[in-house]
2 protein chains.
Amino acid sequence: MANDEVDGRWRTRLGYLLKHAQLRMAELNAQALRPYGIAARELPILFILDELGAASQQEAATRLGVDRTSMVALLDALEDKGLVSRRPHATDRRRNVVVLTESGADIMARAARASDAAEREFLAPLDADDANRLRRALGAVAHPPDAD
Amino acid sequence: MANDEVDGRWRTRLGYLLKHAQLRMAELNAQALRPYGIAARELPILFILDELGAASQQEAATRLGVDRTSMVALLDALEDKGLVSRRPHATDRRRNVVVLTESGADIMARAARASDAAEREFLAPLDADDANRLRRALGAVAHPPDAD
DNA sequence: GGCTGATTATCAGTACTACTGACGATCAGT
DNA sequence: ACTGATCGTCAGTAGTACTGATAATCAGCC
């Protein structure tokens, strides 16, 4: 490019860097997951259902940091694709028990590998040590112990 | 907290980490800038105008990675607050020349200090070395040399 | 047993952001 | 003068995130 000499202040601002890094990661993830028909924000839902075996919508939502009202449409989409199923809770009939379907578990496993590849591509400019440090540093600042 | 033993896979995913780190930084910035009446996304505009002295809307938009149609409303708001002014370009009457007002330069300087403080708070969980590495790593992955 | 308050999933409406497509005005090259 | 490109603007769209309200259900209490 033309002007590398003008390296404006805003380019080293964390707000700018985080936003654009997040945009690029989201784009790479979207590309990687497109063949599997799921969005980047849907994969974590499959993960947590696999991990918990089954969960109420509320439980999944709060663990993922998603609003419970947003979870409704997310699960609608996943249910339409046949990746999860909602069943009434045995004893508490207010709740839905959400579980992965066979197809959902299969897609999750394959999409996870594709997303891993996307992360590797994202991290390509860094060596292994810097990549690990980045991951740990992001974890520290994203969830500081004293955050409210 | 209760379950540190269940450290789900998604919590170490870059997509998740970047999103939540960005959310926290944005929140801290918003808080820091609220007393000055500007939004986090407006500060970079003030920076670039200060840096360039004057710029067309197009120039400012492309440099900041903002869509030119979004820049219209952004500048409308800044102009309403009296922080920037639009004047017709001397020779090219399609363009607007956007410049900082005196008030704009003043607010920019003070808001920049507040935003610096917000960045320090954001980075508080890290030591100085890790903080610098984080900044450089983010710059590398946000704008990889081979990105299209 | 029946009442009260809390919880769950859901829906409607709102706000913000980012983008596409179109438009009039203007410029540059021929 | 004509053609094509550029600049600022606006309308419309899509995605996301949230608030507030609702019906159904549960749990505690008298």
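Start with the surface near DNA strand C: its largest share, four residues, comes from α4(A). Keep in mind as you look around that this is a predicted model. Altogether there are 18 residues around strand C, and S56(A), Q58(A), T69(A), D67(B) and R93(B) come nearest. Notice that this list draws on chain A and chain B. The elements giving two or more residues to this surface are α3 (57–64) and α4 (68–80) of chain A, along with α4 (68–80) of chain B. What classes of residue make up the surface near DNA strand C? Count them by class and you get three nonpolar, seven polar and eight charged residues.

Now swing over to DNA strand D. Here 17 residues surround the strand, with R93(A), S56(B), Q57(B), Q58(B) and T69(B) as the closest. Two or more residues each come from α4 of chain A, and from α3 (57–64) and α4 of chain B. The largest share, three residues, belongs to α4(B). Sorted by class, the surface near strand D holds two nonpolar, seven polar and eight charged residues.

Next, look at how the two protein chains meet. On this interface, 40 residues of chain B are in contact with 41 residues of chain A. Which elements of chain B give two or more residues to the side that touches chain A? They are α1 (14–33), α2 (43–52), α5 (102–122) and α6 (128–142). Of these, α1(B) provides the largest share, 13 residues. The make-up of this side of chain B is 24 nonpolar, eight polar and eight charged residues.

Time to go inside. The largest nonpolar core has 83 residues, and the ones with the most contacts inside it are L49(A), A60(A), L49(B) and A60(B). Pick A60(A) and see what surrounds it: setting aside neighbours within four places in sequence, A60(A) is in contact with I45(A), I48(A), L49(A), A55(A), M71(A) and V98(A).

Some of those partners lead us to helix α2 of chain A. Why is this helix described as largely enclosed by the rest of the structure? Because seven of its 10 residues (the helix spans residues 43–52) are buried. Those buried residues are L43(A), P44(A), I45(A), L46(A), F47(A), I48(A) and L49(A). Just after α2(A) comes G53(A), which has a positive phi, near 80°.

Helix α2(A) also packs against α3(A), at an angle of about 120° and with the axes 10 Å apart. Their crossing is right-handed. From α2(A), the residues making the contact are P44(A), I45(A), I48(A) and L49(A), while α3(A) brings A60(A), R63(A) and L64(A). There's A60(A) again! By class, this contact has six nonpolar residues, no polar ones and one charged.

Our last stop is L33(A), which sits in helix α1 (residues 14–33) of chain A. Is L33(A) buried or exposed? It counts as buried, because it has 22 C-beta neighbours inside 10 Å, and the cut-off for being buried is 20 or more. If you leave out residues up to four places away in sequence, L33(A) touches I38(A), A39(A), A40(A), L43(A), A111(A), A114(A) and S115(A). You met L43(A) earlier, as one of the buried residues of α2(A). For a sense of how the chain folds back, compare L33(A) with A112(A): they are 79 residues apart along the chain, yet their C-alpha atoms are separated by 8.6 Å.

Key: Residues numbered from 1 in each chain as written. Chains lettered and ligands numbered in written order. Predicted model: local features only at pLDDT ≥ 70, side-chain atom pairs only at ≥ 80, totals over all residues. Near = placed C-beta within 6 Å. Nonpolar A, V, L, I, M, F, W, Y, C, P; charged D, E, K, R; others polar. Contact = placed C-beta atoms within 7 Å. Core = buried A, V, L, I, M, F, W, Y, C linked by C-beta atoms within 7 Å. Buried ≥ 20, exposed ≤ 12 C-beta atoms within 10 Å, placed from the backbone. Axes fitted to C-alpha atoms, helices over the stretch in contact; angles between N-to-C directions. Left-handed = near helix turned anticlockwise from the far one by under 90°.
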